[in-house]
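Student: I am new to this structure and should be grateful for a close look at a single part of it. Please begin with the largest pocket and continue to whatever bears on its surroundings.

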Amino acid sequence: MEVSAEAKRIMVVALGKLYSSRTQRGGLRLHRSLLLTMVMKSARDMYHAAQETAECVAADWEQQQSTTEVTTEPTGAQTELQSPALSLTSPREEVETSPTELRRDAENKENVCPPGPHHSRKRRGKAAVEPDFLPCKKARLEQQNCPQQLILSSVLLDYVNCSNELGAPPAAMPLQRAIAAC
Amino acid sequence: MGEDTDATPTLNHRGFLPDHNYVTEADIISTVEFNHTGELLATGDKGGRVVIFQREPECKIEPFSQGEYNVYSTFQSHEPEFDYLKSLEIEEKINKIRWLPQQNAAHFLLSTNDKTIKLWKVSERDKRPEGYNLKDEEGRIKDLSTVTSLQVPVLMPMDLMVEVSPRRVFANAHTYHVNSISVNSDYQTYMSADDLRINLWHLDITDRSFNIVDIKPTNMEDLTEVITAAEFHPHHCNLFVYSSSKGTLRLCDMREAALCDKHSKLFEEPEDPSARSFFSEIVSSVSDVKFSHSGRYLLTRDYLTAKVWDLNMESKPLETYQVHDYLRSKLCSLYENDCIFDKFECAWNGSDSVIMTGAYNNFFRMFDRNTKRDVTLEASRESSKPRAVLKPRRVCAAGGKRRKDDISVDSLDFTKKILHTAWHPTENIIAIAATNNLYIFQDKLNSEMH
């Protein structure tokens with residue numbers, strides 16, 4: 001699980017850096033954005049590989065357990081991770097690689113991976129259908145009201161949490177304020 | 001290679017308050033370059049200024065005062081600009097300076113920021129005409145009634161004045177950020193490289209350039225690598241090399257095609273699968289590439305190593321030097337504090353026997369290719385009193401066996417980075433840029449190259 005925790009943290013940091021580079025003097029640096037995207041991809045691949053290993057192990061004793069409970073963590077994380085990438089749309093071509101590349105790879109992965117016993121692993125975009133009884137983060141409960149704002153804030157929450165273990169998670173903030181804060 | 005190096009630090013005279021350790025960002029040196037004879041040394045900074053140092057002629061009376069570098073000229077090369085179409089500010093930071101070989105009394109250099117390259121003429125004036133008929137000494141028009149005879153103006157000596165004027169401005173040719181410029185050995189053309197394209201210019205023509213490399217994919221989503229540095233071969237005017245963020249080098253021949261997208265040679269080292277990590281791509285990105293003076297070898301720098309390649313062998317580098325391998329286990333922290341994106345430059349000495357590159361904590365390293373010995377030195381005020389001999393430094397692993405004067409990896413100051421270094425073309429004189437300070441070290445014992 002350490003690999004997936006580290007991978008997740010790396011992805012979150014990369015997103016934070018991509019966001020903050022938008023306000024940098026001199027505009028977006030293509031080289032840096034590309035490297036960050038590659039790190040994110042690399043971390044995401046390792047994260048999924050780690051998850052798949054975990055799930056294979058889980059599949060063995062799956063038959064005795066409730067099927068949905070096990071998939072909470074990875075599914076939630078996957079949707080969470082993919083959605084911020086989608087909300088990263090930018091008119092400038094320099095950043096196009098980031099969201100669209102991720103989305104394309106996400107779709108490819110979906111096509112390549114055989115459907116597992118847990119169909120809820122498949123990504124369904126922002127409007128992911130999750131059973132209400134699943135324990136989930138506050139951000140996703142509010143997803144039905146304003147998906148764009150809170151997907152971003154949940155990512156930033158993670159970023160803050162990873163980098164400051166002692167601090168309490170801040171309240172969700174609107175999108176504009178979040179970008180201004182970067 | 002002598003380790004007994006006399007230190008004659010010449011300090012950049014701006015913007016450093018020793019009390020507060022506060023550095024004005026505009027004063028951070030962003031490029032350093034000797035001219036072809038080594039007589040002049042140019043530095044560019046983040047504020048768009050260029051400072052040129054000149055070496056004092058050697059004085060036979062007092063041998064130790066010879067060859068010091070003093071400020072020759074300072075000028076503002078680039079100003080911040082605003083691209084209204086893209087709503088982007090264009091930084092005035094000087095990314096690169098390259099000197100042209102001297103062909104007459106004046107010196108010429110090219111300086112570039114992210115978007116615009118400029119050609120500057122640096123000339124001296126030590127005489128001025130005096131004795132005008134219509135103007136007086138201050139330049140005021142004389143009352144014609146006071147003019148009773150005519151005289152021919154004569155040239156009289158005056159205090160030396162260094163004049164710098166922009167001769168050419170090469171603009172609007174780059175969509176992405178310019179990272180390199182390189183003057184061709186034909187002394188008529190030069191190239192400028194940005195993240196995705198390389199353009200060839202004629203030094204006299206500013207309104208057009210030829211695109212010789214274009215790696216922009218049709219669909220930007222397919223982008224996998226960018227150009228990180230480019231240089232012309234020192235002798236063959238048709239050959240140039242460019243490095244990529246994937247750690248590859250491509251040698252291109254302009255005789256083959258107008259658009260050199262297809263390389264003549266591809267230099268790539270197969271990745272070691274055991275060394276794979278999250279950050280493999282970032283650390284393998286080449287930050288600088290330099291031809292050797294002979295033209296036979298290439299020197300590249302990536303985040304952790306410096307490599308020497310033989311132009312005749314594409315499969316792997318000839319030599320690999322670990323610059324700061326103790327950072328390999330710290331990559332995650334270096335990624336979080338952004339240091340992993342630092343772009344270090346590298347340099348050859350005049351005889352191609354020693355290579356040099358910078359590191360953190362104001363350390364810089366030199367590797368002797370023949371003896372295989374290496375040394376770590378520090379560029380700091382405390383350790384660089386004039387005429388002092390630099391003491392070799394050592395970095396030890398955290399918690400490892402420590403000698404006196406060793407520094408532990410965890411105590412390294414990552415804000416003090418030496419990204420830009422330059423080596424005199426013929427002598428053992430090096431220029432080290434440490435944030436906003438310039439250090440010039442001379443090896444008095446072994447001043448000739450061997």
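Tutor: What follows describes the pocket, then a few residues and aromatic pairs of chain B, and last the makeup of chain A. Please keep in mind that the model is predicted.

The largest pocket holds about 1500 Å³ of space. Its lining is made of 49 residues, and those nearest the centre are K46(B), K93(B), F341(B), K343(B) and L419(B). By class, 18 of the lining residues are nonpolar, 14 are polar and 17 are charged. Both chains take part: α2 of chain A, residues 30-60, supplies at least two lining residues, as do β4 and β18 of chain B, the latter spanning residues 227-232. The greatest share comes from α2(A), which gives four residues.

Strand β4 of chain B, residues 29-34, is also where S30(B) is placed. Is S30(B) buried or exposed? Its relative accessibility is 6%, and S30(B) therefore counts as buried, the limit being under 20%. Leaving aside residues up to four places away in sequence, S30(B) touches G44(B), D45(B), K46(B), K93(B), I94(B), N95(B) and H420(B). Two of these, K46(B) and K93(B), are also among the residues nearest the centre of the largest pocket. With I94(B) there is a polar contact as well: the side chain of S30(B) reaches the backbone oxygen of I94(B) at 2.6 Å.

A second residue of chain B may be read in the same manner. K115(B) sits in the loop between β11 (107-112) and β12 (117-130) of chain B. With a relative accessible area of 15%, K115(B) is buried, because this value is under 20%. Beyond its neighbours up to four places away in sequence, K115(B) touches I90(B), F170(B), N172(B), H174(B), T175(B), Y176(B), H177(B) and V178(B). A polar atom of the K115(B) side chain lies 2.5 Å from the backbone oxygen of T175(B). As for H177(B), it is separated from K115(B) by 62 residues in sequence, yet their C-alpha atoms are 6.1 Å apart in space.

The aromatic residues come next. Over all chains, the structure holds 17 aromatic pairs. In one of them, Y190(B) and W201(B), the ring centres are 6.1 Å apart and the planes meet at 5 degrees, so the pair is stacked. Y190(B) belongs to strand β15 (residues 189-193) and W201(B) to strand β16 (residues 197-202) of chain B, so this pair ties together parts that are eleven residues apart in sequence. Y190(B) is buried, with a relative accessible area of 0%, and W201(B) counts as buried at 2%. The rings of F232(B) and F240(B) have centres 6.0 Å apart and planes at 75 degrees, so this pair is edge-to-face. Both F232(B) and F240(B) are buried. In addition, Y303(B), F344(B), Y360(B) and F414(B) form one aromatic cluster.

Finally, there is the chain that contributes α2 to the pocket lining. Chain A comprises seven helices and zero strands. Of its 182 residues, 47% are buried. Among contacts in chain A between residues at least 6 apart in sequence, 72% join residues at least 24 apart.

How values were computed:
Residues numbered from 1 in each chain as written. Chains lettered and ligands numbered in written order. Predicted model: local features only at pLDDT ≥ 70, side-chain atom pairs only at ≥ 80, totals over all residues. Heavy atoms only, no water. Buried < 20%, exposed > 50% of the residue type's maximum accessible area, 1.4 Å probe, protein only. Polar contact = N/O pair within 3.5 Å; in protein donor to acceptor, adjacent residues only side chain to side chain. Contact = heavy atoms within 4.5 Å. 1 Å grid on protein atoms, 1.4 Å probe; cavity = no way out; pocket = protein on both sides within 12 Å on 5 of 7 lines; lining within 4 Å. Points joined across faces, edges and corners; volume = space filled by probe spheres on them. Nonpolar A, V, L, I, M, F, W, Y, C, P; charged D, E, K, R; others polar. Phe/Tyr/Trp six-rings, centres within 6.5 Å; stacked < 30°, edge-to-face > 60°.
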